[in-house]
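Here are my notes on the model, set out as numbered points. Please read them with the structure open beside you.

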Amino acid sequence: MTAASMDLDQELMRAEVESVSSDNTVTSGTNGNVQVVVRVRPPSNREKDQGYVKCVGVDSGAHSVTLNYRPQPRTFTFDYVADEVVTQEDIFAAVGKPITDACLQGYHCCLIAYGQTGAGKTFTMEGPDPESSGNSPGFAAQNKANAKRHEKRGLIPRILEYIFQRMSSEKMQSCKDVEFVVKCSYLQIYNEQVSDLLDPAALNLTIHEDAKAGMYVEGLQEVVVPTAEATYGVFRRGSENRHVGMTAMNMESSRSHSVFTVVVESQRRNDGGVMNRRTSRFYLVDLAGSERQKHSESAGIRLKEAGSINKSLSALGNVIKALVDISEGKIRHVPYRDSKLTFLLKDALGGNSKCTLIANVSPAEKNIDETLSTLKFAQRAKLIHNTAIVNEDMFGNPAVMGEEIRRLRLALAALRANMGNGSIGEQNFTMINQENPSETSRVSRLEHIISQSTKRSLEAEQKLQRKINELEGTVQNCHTYIERTGENPSDSEDDH
């Protein structure tokens with residue numbers, strides 16, 4: 001290991017920011033940084049047959065991982081660390097639930113599974129393959145035979161179930177008009193080509209960037225789904241079209257990066273008649289695993305796939321390194337366009353999104369170099385700062401919008417007064433943010449809503465004024481026509 005890399009690791013350790021809540025849940029970006037979780041899987045049968053030696057130690061209380069690396073052990077601290085005995089339900093409660101709550105509040109969110117091939121990424125995201133035993137995990141364990149498989153469901157089915165449960169609960173409890181629409185899409189990036197997993201004929205799709213909508217894929221099929229079961233059915237249908245292959249490290253190794261996107265749209269009408277509309281995107285990303293040829297024993301097409309996977313993951317590492325430099329005040333170009341993966345995840349990495357990275361690692365000494373690489377990658381990712389805002393707009397006639405804006409400004413002034421300073425400067429704002437991040441979040445959210453509402457109100461006024469001008473022009477034209485046609489008959493009578 002070089003002196004430069006050791007200095008970088010020490011610098012990262014000094015710069016590390018803690019953001020773990022008292023109930024051991026990952027707080028989904030309260031400090032704006034990417035939240036990082038490490039999960040250590042149990043040893044595989046293959047590792048046991050080859051003389052398994054454990055090289056990873058977990059301290060759950062300190063949220064740290066210690067790697068028995070020679071000549072000196074290495075310790076890394078993250079937002080949450082899960083050892084081999086942590087269940088799928090524990091992972092959902094600590095990781096999936098908080099970020100899903102953020103999505104339902106109107107934030108764009110991204111959950112990324114990263115790690116070496118065979119480290120447990122797909123199991124964490126999906127759970128066991130429902131086709132392997134003929135039983136679907138479902139959303140309710142109907143008998144003892146599938147109860148155990150039901151408990152092993154991954155984050156994706158649990159998140160989908162939770163989204164629809166929360167929406168149903170809000171509809172029942174709210175006295176206001178509330179409407180929800182959920183849509184989903186599913187794509188893969190295989191050998192640097194984007195294809196639609198819901199439409200296998202849609203190949204080599206193009207990623208575009210829109211100033212308002214963010215990143216999107218042209219021609220990608222989007223399905224409106226009414227229930228969690230229907231959404232999971234769409235996911236399973238797409239997963240059957242994903243590229244997988246057998247390597248020495250994994251019987252069904254993912255050979256492509258997959259991105260399952262859930263869009264949640266909600267509409268609420270308040271007592272004053274103003275319509276509140278939120279739109280949030282939730283990216284559920286299962287990355288293909290990094291691998292070394294000597295361990296995976298890949299050859300031919302598998303070797304080509306591995307080269308493409310490692311190249312895109314290297315581009316992801318370069319993006320993260322540039323973003324960390326920027327967070328430290330350095331001027332850097334962020335090479336998002338170096339790969340389809342990084343370009344698609346531009347909003348999630350350093351943009352308008354709350355992001356959680358789950359780094360999956362093997363505990364076997366045989367994989368110690370790959371585990372160290374994953375932990376260092378995760379440690380750098382933890383320093384990325386995102387600026388997430390609620391994607392919320394208000395609509396209504398200009399008079400009602402103006403009244404709502406005045407009400408929001410009064411609420412903002414009262415909130416600032418309660419925080420101890422009616423006029424918050426940059427220095428005071430930073431201090432208050434550290435002392436009471438939830439109040440600061442409310443201030444930022446109100447300021448954003450006021451800004452968007454004012455913009456919408458002005459647009460409505462301008463639209464109304466354009467219509468008035470058009471009507472006045474039409475009336476004037478009618479008067480001119482009437483005057484002209486009214487004079488012609490009299491003129492013709494005089495001629496006779």
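1. Start with the salt bridges. The model is a predicted one, and a search of the whole structure finds 18 salt bridges. Three pairs and one network are described below.

2. Arg153 and Glu161 form one of these pairs, with their closest N and O atoms 2.9 Å apart. Are the two partners buried or exposed? Arg153 has a relative accessibility of 6%, so this residue counts as buried. Glu161 has 18%, and because buried means under 20%, Glu161 counts as buried too.

3. Asp286 and Arg242 also meet through their side chains in a salt bridge, at 3.0 Å from N to O. Which parts of the chain does this pair link? Asp286 belongs to strand S15 (residues 275–286), while Arg242 sits in the loop between helix H7 (228–239) and strand S12 (244–247). The two are 44 residues apart, and the pair links distant parts of the chain. Asp286 counts as buried because its relative accessibility is 3%. Arg242, at 9%, counts as buried as well.

4. Glu328 and Lys330 form a salt bridge in which the closest N and O atoms are 3.8 Å apart. Glu328 has a relative accessibility of 35%, so it counts as partly exposed. Lys330 counts as partly exposed at 38%. Elsewhere, Lys183, Glu222 and Glu265 are joined into one network by salt bridges that share partners.

5. Helix H6 covers residues 155–173, and its length can be checked by simple arithmetic. At 1.5 Å a residue, its 19 residues should span 27 Å, and the C-alpha atoms at its ends are 26 Å apart, which agrees. Which residues of H6 are buried? Among them are Leu155, Ile156, Pro157, Arg158, Ile159 and Leu160. Glu161, the salt-bridge partner of Arg153, is also in the buried set of H6, as are Tyr162, Ile163, Phe164 and Met167.

6. The same check works for helix H11, residues 368–381. Its 14 residues should span 20 Å at 1.5 Å a residue, and its end C-alpha atoms are 20 Å apart, which agrees. How many of its residues are buried? The count is 11 of the 14, so H11 is largely enclosed by the rest of the structure. The buried residues include Ile368, Leu372, Leu375, Phe377 and Ala378, and also Glu370, Lys376 and Gln379.

7. Val38 lies in strand S1, residues 35–40. Its relative accessible area is 0%, so Val38 is buried. What is Val38 in contact with, leaving aside neighbours within four places in sequence? The contacts are Val65, Phe78, Tyr80, Val81, Ala82, Ala359, Val361 and Leu375. Leu375 is one of the buried residues of H11. Val38 and Asp83 are 45 residues apart in sequence, yet their C-alpha atoms are 8.5 Å apart in space.

8. The last point is a pair of strands. Strand S9 (residues 206–210) and strand S10 (residues 214–218) pair in the antiparallel sense over 5 bridges. How many residues lie between them in the hairpin they form? There are 3 residues between S9 and S10. To find the pairing in the viewer, look for His208, which stands opposite Tyr216 in S10. In a regular strand, side chains alternate between the two faces of the sheet.

Technical notes. Residues are numbered from 1 along each chain as its sequence is written. This is a predicted model: local features need pLDDT of at least 70, side-chain atom pairs count only at pLDDT 80 or more; totals for chains, interfaces and linings use all residues. Side-chain values use heavy atoms; hydrogens and water are left out. Helices (H or I, at least four residues) and strands (E, at least two) are DSSP runs, numbered from the N terminus. The expected span of a helix is 1.5 Å times one less than its number of residues. Buried means under 20% relative accessible area, exposed over 50%, partly exposed in between (1.4 Å probe, protein chains only). Two strands pair if DSSP finds at least two bridges between them. A salt bridge is a side-chain nitrogen of Lys or Arg within 4 Å of a carboxyl oxygen of Asp or Glu. Contact means heavy atoms within 4.5 Å.
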